[in-house]
Amino acid sequence: MQFKEVRRVNLQQIAKHIDFHQQNGTEMDKITIEYPSLHVDDAYEIQRLSIEEAIARGDELIGMKMGLTSVAKQKSVGVEEAIYGRLTRSMELMEPTLGMKGLIHPRVEPEIAFVLKKDLEGENVTVRDVWAATECVIPALEVIDSRYKNFSFTLEDVVADNASSTKFLLGYQAYSPYHTQWDQIKVEMFRNGELVQEGVGAAVLDHPVRSVVELVKMLSRRGESLKAGMVIFTGAITEAINVYEGDQIEVKFDQLGILSLKVE
Ligand code: 0L1
Ligand code: MG
């Protein structure tokens, strides 16, 4: 077998391995233990292939997310760059409850989500292009759950594991992109009534719209783009918090209401 063929087969096998752990909510060793020379480009290909496995089972790609968009978050997991992941229909919580079954060590983080009405592509995309392509902006919560033991990984590991994507909740109320200054939005996160995290929208690459620009650029380097109708999670406004069965999470988005999540 040619080298290229061996590599292609391996990426597919690794993708199937990761998909298995994502589907079953079981822990795994870092893939870089077995494949120490894995490149980040390979990791993004593994991510794409693992989502293809889910799509082949009837799931659907409905959005994308940016992760590690704040220096604080990068420091907390020891990875020094922003990354992206893919969101599928089965990840969306239709009710504000999170079942612990099938999850390993979930964490919750508040985000600002964009919903697109036009495609976005290309290395030269601008902030103006993103506003013109945005249907609405929605306060949201992301549930991340690394499949790696102890939430410990390298850049390549976390990219291959779809940037820890697991579940997401969109608020019921959508806002015009021009409703407010999204970088000024203050967010407070409460667990069982106790304030545990606070932050502002500017924590996300100075402004959440810049996260969408960066995502389009990163995707264009791999020949991919964002499509009309997609929901885009722009990145965490605060540190993520661990959640446990019985927890009640409340996140106050300044002037935009409260998102609640009951953990069962
Ligand atoms: O959405 C995120 O910022 C998570 C990116 C992956 C790192 C992590 O699991 O904390
Ligand atoms: Mg996130």
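User: Before we get to the ligand, what counts as near a molecule here?
Analyst: A residue is near a molecule if its C-beta atom, placed from the backbone, lies within 6 Å of it. Keep in mind that this is a predicted model.

User: Fine. Which residues come nearest to ligand 1?
Analyst: Gly 67, Ile 144, Ser 146, Ala 163 and Ser 164 come nearest, out of 13 residues around ligand 1.

User: And which elements supply at least two residues each of that shell?
Analyst: Two kinds show up: the strands β1 (61-67), β5 and β9 (231-236), plus α4 (71-77).

User: How do the shell residues divide into nonpolar, polar and charged?
Analyst: Around ligand 1 you get six nonpolar, four polar and three charged residues.

User: Back to β5. Which strand does it pair with, and in what sense?
Analyst: Strand β5 (residues 134-144) pairs with β6, antiparallel, over five bridges. One pair to look at is Val 143, whose bridge partner in β6 is Lys 167.

User: Is β6 covered or not, I mean how many of its residues are buried?
Analyst: β6 runs over residues 165-170 and is mostly covered, with six of six residues buried.

User: How does that go for the chain overall, what percentage is buried?
Analyst: 41% of the 264 residues in the protein chain count as buried.

User: Switching topic: what's the order of strands in the open sheet?
Analyst: The order is β3-β12-β11-β7-β8, so five strands with mixed pairing.

User: Which ones are the edge strands?
Analyst: β3 (97-98) and β8 (194-200) are the edges, and each of them pairs on one side only.

User: What does β3 do with β12, parallel or antiparallel?
Analyst: Parallel, over two bridges, with β12 covering residues 257-263. Thr 97 has Lys 262 as its bridge partner in β12.

User: Zooming out, how many helices and strands are there?
Analyst: The protein chain has seven helices and 12 strands.

User: Why would you say the radius of gyration agrees with a compact globule?
Analyst: Because a compact globule of 264 residues would come out near 18 Å, and the protein chain has 18 Å. Along the principal axes, the C-alpha trace spans about 60 × 45 × 35 Å.

User: What share of the contacts links residues 24 or more positions apart?
Analyst: 76%, taken among contacts with a separation of 6 or more.

User: Last one: what domain does UniProt list?
Analyst: The unreviewed UniProt entry lists "Fumarylacetoacetase-like C-terminal" for residues 105-263. That stretch is 16% helix and 38% strand, and its end C-alpha atoms are 12 Å apart.

How values were computed. Residues numbered from 1 in each chain as written. Chains lettered and ligands numbered in written order. Predicted model: local features only at pLDDT ≥ 70, side-chain atom pairs only at ≥ 80, totals over all residues. Helix = DSSP H or I, 4+ residues; strand = E, 2+ residues; numbered from the N terminus. Rg over C-alpha atoms; globule rule 2.2 N^0.38 Å. Buried ≥ 20, exposed ≤ 12 C-beta atoms within 10 Å, placed from the backbone. Contact = placed C-beta atoms within 7 Å. UniProt positions renumbered as here; feature names shortened; annotations may be inferred. Pairing = 2+ DSSP bridges. Nonpolar A, V, L, I, M, F, W, Y, C, P; charged D, E, K, R; others polar.
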